[in-house]
Amino acid sequence: MDGRKGRNVKAEANLRAGRYTVRITSPDKVLFPDVGVTKLELARYYLGVGPLMVRYLKGRPILVQRFPDGIDRPGFIQQEAPDHVPPWVRRVTVPKVGGGSITHATVDNTASLVYLVNLNTVAVHAWLSRFDRPRQPDRLIFDLDPPDDEFGPVRETALALRKLLDDLGLRPLIMLTGSRGAHVTVPIRRGPDFDEVRRFADQVAARLVEAYPDLVTTEARVEARGGRLYIDTRRNAYGQTAVAPYSVRAKPGAPVAVPIDWSELDEPGLTSRRYNIRDIPARLARRGDPWAGTGRHAADLRRAWARLARPGR
């Protein structure tokens with residue numbers, strides 16, 4: 001009996017994830033005190049969205065944010081995969097920046113996600129490349145970081161960025177990060193390395209700043225931004241990560257990083273934390289996954305480069 005709450009506490013629970021059974025210890029542990037989300041509820045959330053998340057995570061090295069005592073207590077970021085994991089949790093070794101190597105976990109099945117929750121994982125972040133060709137990304141990301149919680153600048157910047165990318169022959173996607181801003185993600189064909197992708201992203205961001213100097217900036221220093229939205233391209237680098245689609249964030253309310261359709265930007269009252277783990281099942285049942293099938297539209301970045309370099313652009 002838990003004397004603080006006056007109720008019986010389960011020692012463990014078992015969840016079936018495909019062919020595997022995952023044990024969840026301390027399932028009644030509260031990880032989000034403000035809304036009462038327990039470890040078991042979080043595990044069941046990831047069990048439900050697992051097939052979607054695997055689509056976006058398979059083969060990618062990941063890092064996780066773990067909170068053994070809940071999000072209101074200190075947690076930590078873990079890059080290296082645990083030494084002892086079930087055989088169905090894949091571990092991949094990739095070169096480290098500066099030499100040597102590091103072994104990461106990947107999420108190749110739903111059971112792996114549920115297993116990570118048993119380690120008190122709340123959020124999952126993934127590389128922009130896959131382990132078999134780690135220096136050649138298949139995603140390009142613009143992180144739109146507003147100066148405050150006002151979502152209007154995010155909406156305006158995202159739409160302007162979409163038009164520019166569309167004009168370059170790219171097919172941008174948008175995701176609410178579950179924090180403050182949004183990620184505009186571009187699926188690209190593997191080939192260019194991270195240095196080339198970053199240079200392209202920097203050029204696009206610079207064009208946007210030139211067109212909207214009072215709205216956006218590429219100044220990394222907060223004090224130099226002058227209240228403008230920061231377009232961050234630094235995630236487009238080897239070994240950098242971005243929050244995974246449908247990952248929960250370690251924020252009050254258990255918000256989720258949610259892919260949305262571009263038309264949803266017009267919804268009144270939209271914010272980056274619009275959706276939480278209790279909203280997502282109904283949303284997916286109603287709308288499906290807005291990013292479904294987008295991998296078929298991966299673009300040739302070098303063609304976009306050529307368009308960007310044309311006179312008059």
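Start by selecting strand 10 (residues 139-145) and strand 14 (residues 229-232): these two run antiparallel and are joined by three bridges. The model in the viewer is a predicted one. Now pick out Asp 145 and look across to strand 14, where Tyr 230 stands opposite. Strands of a sheet pair through backbone hydrogen bonds, either parallel or antiparallel.

Next, show the whole sheet. It is an open sheet of six strands in the order 13-14-10-12-11-16, and its pairing is mixed. At the edges are strand 13 (216-217) and strand 16 (258-260), each of which pairs on one side only.

Add helix 4 (residues 194-211) to the selection. Helix 4 lies across strand 10, strand 13 and strand 14, and runs at about 40° to strand 10.

Keep helix 4 and add helix 6 (residues 301-308); the two axes come within 11 Å and cross at roughly 35°. The crossing of helix 4 past helix 6 is left-handed. To see the side chains involved, select Glu 196, Val 197, Arg 199, Phe 200, Gln 203, Val 204 and Arg 207 in helix 4, which meet Leu 301, Arg 302, Ala 304, Trp 305 and Leu 308 in helix 6. Coloured by class, this contact of helix 4 with helix 6 shows seven nonpolar, one polar and four charged residues.

Move on to another sheet. Select strands 6, 5, 9 and 15, which form an open sheet in the order 6-5-9-15 with antiparallel pairing. Strand 6 (76-78) and strand 15 (241-243) are the edge strands, each pairing on one side only. From one strand to the next, the twist averages 30°.

Within this sheet, look at strand 5 (residues 62-66) and strand 6: they run antiparallel and are joined by three bridges. Select Gln 65 and find its bridge partner in strand 6, Ile 77. Then show helix 1 (residues 39-57), which lies across strand 5 and strand 9 (121-127) and runs at about 5° to strand 9.

Finally, colour by domain. Domain 1 covers 12-127 and domain 2 covers 135-312. Their centres, taken over C-alpha atoms, are separated by 24 Å. Where the domains touch, 28 residues of domain 1 are in contact with 28 residues of domain 2.

How much area do domain 1 and domain 2 bury between them? The value is about 2400 Å², with 60% of it on carbon and sulfur atoms. As a last selection, take Tyr 45, Tyr 56 and Trp 127 in domain 1: these residues lose the most area to domain 2, together 28% of what that side buries.

Conventions:
Residues are numbered from 1 along each chain as its sequence is written. This is a predicted model: local features need pLDDT of at least 70, side-chain atom pairs count only at pLDDT 80 or more; totals for chains, interfaces and linings use all residues. Side-chain values use heavy atoms; hydrogens and water are left out. Axes are lines fitted to C-alpha atoms, for helices over the stretch in contact, and angles run from 0 to 180 degrees between N-to-C directions. Helices (H or I, at least four residues) and strands (E, at least two) are DSSP runs, numbered from the N terminus. A crossing is left-handed if the near helix is turned anticlockwise from the far one by less than a right angle, and right-handed if clockwise. Contact means heavy atoms within 4.5 Å. Ala, Val, Leu, Ile, Met, Phe, Trp, Tyr, Cys and Pro count as nonpolar, Asp, Glu, Lys and Arg as charged, and the others, Gly among them, as polar. Two strands pair if DSSP finds at least two bridges between them. Domain bounds come from an automatic or database domain assignment. Buried area is the accessible area (1.4 Å probe) that two parts lose on being put together, summed over both.
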